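Me: I should like to learn how to read an annotated site in a protein model. Could you guide me through one example?

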Amino acid sequence: MSDKIFIFDTTLRDGEQVPGCQLNTIEKIEVARTLEALGVDVIEAGFPVSSPGDFNSVVAIAKAVNYPTICALTRAVEKDIDVAAEALKFAKRGRIHTGIGTSPYHIKSKLNSNPDEILDRAVRAVKYAKRYVEDVEFYAEDAGRSDNEYLARVVEAVIKAGATVINIPDTTGYCLPGEYGAKIKYLMENVSNVHKAILSTHCHNDLGMATANSLSGVINGARQVEVTINGIGERAGNTSLEEVVMAIKTHHALPFHTNIKSQEIYAASRLVASLMNMPVQANKAIVGRNAFAHSSGIHQDGVLKNRENYEIIDPVDVGIKESAIVLTARSGRAALNHHLSQMGYELTKAQLDDAYTRFLVMADQKKNLTEKDLSELMGDTNDLQKSVELVLLQVVSGKSTIPMATVHLKIKGVSCAATAEGNGPIDACFNAVKKLIEQEFTLGEFLVQALTRGSNDLGKVHVQVEHKGRVHYGFSANVDIITASVEALVDALSKII
């Protein structure tokens, strides 16, 4: 059996089913091209019969990408399959993904049918799809709660009908890893023609088991894993692409490999989070803001001595430049000395001991320590005033108005102003700021969080900018979210200048 694991990405289909995450066709193409650059094998581009927009998006994606197989979802309904085939006509490699529920819940209460009729409908759907494309994937919806013996009968029948891939979804995220793995193993051992098709996992995260179940499926014979970027999807989400890929890459005892270019993972994560307006939780594995951040003194000392003491993944392997040593009241001397050294302060042991004592007092008073705070700690009073300050901000925006912003800054005591347009009021503000800042910088992260409730909500903005290989953070909070956004950007830029 091959040790290649095919990565089937359904960010644009299952992932887009999250309320508020709908993308337009241009945005879907951008995501699809990013997935192609990432190295996914299959892109599930949509459910064409569901709406004209989904149909057009599948057509556009099929035209836009070259390497990945483009897959379209259908029910076991001839009209669905006809529409999917039409949407895939420009695909270099097209796949129709059809199927039906196989659990007692779906057969009786959802479909009002019986096991024999469901098996017959499954076979007819596969045969009908086979008229259009050679590559037909069949999904046994709610396979996680389906009887294994009946599931094996269905799988054997649809493979005989021409299915090339068999999707075994844990639709409700109910299975435990051992249970799901045993289900895949049962199919591998009891379906006589299973060698003629690839078994695929499609696990949901309702109990937080999606990644574990998918890996258990792979260990027991599945060779395709259905995933989404950042684990987005219905309810609690789908299996996370980055988690599966890096688990396989990190565990050398797992004799598998994928085509994923892992260095592109972080960029793909940020793109999807931005376009779908779904911020990644800070402690999300692999791509969360804190995934490679260390604040405990013991951990910081260990990482500074040897990264592998507390990191099983090199952040560079997923597209993150370096680990973050975050200064808090729990930080130790090693972390403080590391930051001071980067700022140009070289201290003796006695000087470091003295600085550390004063640092603990300051850290207890502040949640986030900046380079400005460390300068103050070292008695450098020349730079206590921010090098960049927001003096005035005026924004024009509305339904029938091109967003325009005028920004007045004071840079090292010198007043300056600029006006710019943008795709929205915040984009216009940022474009105006860029006109005034001589240094080149890249906006890496822009996160808005609500601190209170109501129309007078206080919003906190977190901004991350990159300059000459170093990352700088800016923060602000204001009832005016546009002002807070500009203040956060200015806060980050003041650390550069």
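Reply: The following turns discuss an annotated site in this predicted model.

Me: Which residues does UniProt list for "binding site"?

Reply: Such a list comes from a record, and here the entry is unreviewed. UniProt names D14, H202, H204 and N238. These residues are spread over 225 residues of sequence, yet they cluster in space, with a largest C-alpha distance of 10.4 Å.

Me: Where is H202 placed, and is H202 buried or exposed?

Reply: A residue is called buried when its relative accessible area is under 20%. H202 belongs to strand β7, which covers residues 198–203. Its relative accessibility is 5%, so H202 counts as buried.

Me: Which residues does H202 touch beyond four places away in sequence?

Reply: Among them are T10, R13, D14, Y180, E226 and N238. Two of the listed binding-site residues, D14 and N238, thus appear among these neighbours. With D14 there is also a polar contact, side chain to side chain, at 3.0 Å.

Me: How should N238 be read in turn: where does N238 lie, and is N238 buried or exposed?

Reply: N238 is found in the loop that runs between β8 (224–227) and α9 (241–250). Its relative accessible area is 3%, and N238 is therefore buried. Leaving aside residues up to four places away in sequence, N238 touches D14, H202 and H204, including also T10, C203 and G231 in its contacts.

Me: What joins the side chains of N238 and D14?

Reply: A polar contact of 3.1 Å joins them. The side chain of D14 accordingly has polar contacts with the side chains of H202 and N238.

Key
Residues numbered from 1 in each chain as written. Predicted model: local features only at pLDDT ≥ 70, side-chain atom pairs only at ≥ 80, totals over all residues. Heavy atoms only, no water. UniProt positions renumbered as here; feature names shortened; annotations may be inferred. Helix = DSSP H or I, 4+ residues; strand = E, 2+ residues; numbered from the N terminus. Buried < 20%, exposed > 50% of the residue type's maximum accessible area, 1.4 Å probe, protein only. Contact = heavy atoms within 4.5 Å. Polar contact = N/O pair within 3.5 Å; in protein donor to acceptor, adjacent residues only side chain to side chain.
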